Amino acid sequence: AIMTVRVGVIGTKNGHAAIIAGYLNGWSESAPTPVRAGGYVDPFYHFWQYQRTEETMVSGSPNLGGHARVTKIWSPDLSAARQIAAACDIDEVSATIEEASTDVDAVMVLSGEPDEHPRQAGPALERGLPTFIDKPLGSDMDQCRAMYAQAARGGARLFSASGLRWSAEVKLAKQEFASGYAEPIEGIYVKVPNRMDQYGIHAVEMVNVVLGADVRSVQGVTAGHRATAVLEYGSGQTAIIETFYAQVRPSYCMVVYGQRHTKMYHLYDTSLPFIWMFDDFVKMVTDGTVPVPEEEVLRMMLITFAAERACAGGGEVQLPPYPG
């Protein structure tokens, strides 16, 4: 018999706790759909199953049903934790982070508050529990490195990532140019919603899938609702990443520029990558495979912070070569 992985969830602010608990445990038909900030219902964002096509729509999970479930949840927002626990049949609304990190097999920190992540992930990392920390990993590089150091001391497997690293459309873009058109990619453009400090990591992970992480220089500008950064690679390739606050989510796209072809890819399904990411998280718990190595997670954050700094008027930011 396959053991059921017991997951403790920490934090509910960004809505990901509702997605994950709904995916792993199922969501009660009688429970209300969570609402986004501003009070409007946004089922696309919160409710992964509404985004599946009719044929693939399932309640609970196609892959993880019975293999993993959220058994504890903690949040500074007690009413949100109680609402999710009731809708998803979670055993315990924990009073403390420590309690939510006890008698579980793994912990997911989903607070959406990067400066709080060291405190929120601390008990799990200390206990050596496999831990996922939602993007962005921390609020500066020192914090990010400190959490990995703590994980190493406790013997905990740790990773953090944007779900868009798992996007089928982004992988298709790379493959289509590399083998389909069989021509070099000269550059790419990526646009994501929200602000650079919150969603810049999504754009950085998307360009990483296609061009890698050897970014050497970042320049940026902010105007109106958008922040735009130009990334230059050791290869001479370039990427423009842009966060555009004025659009309702989901609204992600990538334009790939080959030597002859130009093609645009829309990420219409932003729930499926989430699901693949959880699958990989559960795999990490059961067989020890860490989905994204430490060196790469830290590099993604370094590039993201460089983009934030450049866009905030910090001038051109230089980065060291990346051996990965």
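**Close-up 1. Parallel pairing of strand 5 and strand 6 in the predicted model.** Two bridges join strand 5, residues 131-133, to strand 6 in the parallel sense. Threonine 131 has leucine 158 of strand 6 as its bridge partner.

**Close-up 2. The open sheet of six strands.** The strands follow one another in the order 3-2-1-4-5-6, and their pairing is parallel. Strand 3 (92-93) and strand 6 (158-159) occupy the edges; each has a single partner strand, so one side of each is left without a neighbour in the sheet.

**Close-up 3. The second largest cavity and its volume.** Two cavities of 30 Å³ or more are counted in the predicted model. The second largest cavity holds about 40 Å³ of space.

**Close-up 4. Residues lining the second largest cavity.** The lining consists of Lys135, Leu137, Ser160, Ala161, Ile201, Glu205, Val297, Met300 and Met301. Two or more of the lining residues come from each of helix 9 (196-211) and helix 11 (294-314). Helix 11 makes the greatest contribution, giving three residues.

**Close-up 5. Chemical classes in the lining of the second largest cavity.** Six of the lining residues are nonpolar, one is polar and two are charged. The nonpolar class includes Leu137, Ala161 and Ile201, whereas Ser160 is the polar residue. Lys135 and Glu205 make up the charged class.

Note on methods. Residues numbered from 1 in each chain as written. Predicted model: local features only at pLDDT ≥ 70, side-chain atom pairs only at ≥ 80, totals over all residues. Heavy atoms only, no water. 1 Å grid on protein atoms, 1.4 Å probe; cavity = no way out; pocket = protein on both sides within 12 Å on 5 of 7 lines; lining within 4 Å. Points joined across faces, edges and corners; volume = space filled by probe spheres on them. Helix = DSSP H or I, 4+ residues; strand = E, 2+ residues; numbered from the N terminus. Pairing = 2+ DSSP bridges.
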